[in-house]
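Trainee: I am new to this structure and would like a close look at a single part of it. Please take me through that part step by step, in one connected account.

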Amino acid sequence: MTQLESAKAGRITDEMLLVAEAEGLSVRDLCGQIALGRVVIPKNKGRNFHPRGIGKGLRTKVNANIGTSPSSCSFGKELEKLDAAVSAGADAVMDLSTGGDLDAVLLKVLKKAQVMTGTVPVYKAVSQMLAAGGTCADLTGDIIFREIENQCSMGVKCKIIYIYDMTKQKLWISWICLSDI
């Protein structure tokens, strides 16, 4: 059962208790905000990290970006960056890697991270396309959705998705969190 389903049924979860305590709120008020869709708790069954609440009336969360590049790819350095971010108080980390074995980097970060961890799937899709001699124009929706599915299967539930509307010449950026999936 998801946090939203629990909240709509009036059931308090362990995650709601932890977030309410961290935010200085009553757990009933928090549950109500979740039920209304004003707050989310990005916590999934596949990873063990301290849950954080995101949404209306909650404190601002700090996100740290880490990641390899084609010119600098070291598992050790990425894990050092992760440790530094968490010790400095980051509530979440985004792995923005574009170089090296991207799945291996992400798996190591996910294994070690004690905070929410997200990605930008199009970064990996584009990186692989370019490494294979293609161009960004070769990128298709199917390729991007396969990568989103791949990252979900690895345990990533929070993603930033870029959508470009060619007819309106507008870029949409969406932060998506899939919990309990």
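Mentor: Start with a charge and a ring. This is a predicted model, and in it the charged end of Lys108 sits over the ring of Phe75, at 5.0 Å from the ring centre. For rings paired with rings, the count is zero aromatic pairs.

Now take the helix around that lysine. Helix 5 covers residues 102–112, and its buried residues are Leu102, Ala104, Val105, Leu106, Val109 and Leu110. These buried residues pack against several elements: strand 3 (63–66), helix 4 (75–87), strand 4, strand 5, helix 6 (121–131) and helix 7.

Two of those partners, strands 4 and 5, belong together. Strand 4 spans residues 92–95 and pairs with strand 5 in the parallel sense, over four bridges. The chain leaves strand 4, passes through helix 5 and arrives at strand 5; this β-α-β crossover is right-handed.

Strand 5 itself runs over residues 116–119. Met116 and Gly118 point one way from the strand, Thr117 and Thr119 point the other way, and all of them are buried.

Thr117 deserves a longer look. This residue lies in strand 5, and Val93 stands opposite Thr117. Thr117 counts as buried because its relative accessibility is 3%, and the cut-off for buried is under 20%. The side chain of Thr117 reaches the backbone oxygen of Val115 at 3.1 Å. Setting aside neighbours within four places in sequence, Thr117 is in contact with Arg47, Val93, Val109, Leu110, Val156 and Cys158. Among these contacts, Val109 and Leu110 are also on the list of buried residues of helix 5, and Val93 is the residue opposite Thr117.

Helix 7 was named among the elements that the buried residues of helix 5 pack against, and one of its residues can be set beside Thr117. Helix 7 is made up of residues 141–154, and Ile144 lies in it. Ile144 has a relative accessible area of 23%, so it is partly exposed. Setting aside neighbours within four places in sequence, Ile144 is in contact with Val122, Ala125 and Leu139. Ile144 and Ala125 are 19 residues apart along the chain, and their C-alpha atoms are separated by 6.2 Å.

To put the part back together: helix 5 lies on the chain's path between strands 4 and 5, those two strands pair in the parallel sense, and Thr117 in strand 5 is in contact with Val109 and Leu110.

Methods:
Residues numbered from 1 in each chain as written. Predicted model: local features only at pLDDT ≥ 70, side-chain atom pairs only at ≥ 80, totals over all residues. Heavy atoms only, no water. Buried < 20%, exposed > 50% of the residue type's maximum accessible area, 1.4 Å probe, protein only. Pairing = 2+ DSSP bridges. Right-handed = clockwise from strand over helix to strand, strands pointing away. Phe/Tyr/Trp six-rings, centres within 6.5 Å; stacked < 30°, edge-to-face > 60°. Lys NZ or Arg CZ within 6 Å of the ring centre and 35° of its normal. Polar contact = N/O pair within 3.5 Å; in protein donor to acceptor, adjacent residues only side chain to side chain. Contact = heavy atoms within 4.5 Å.
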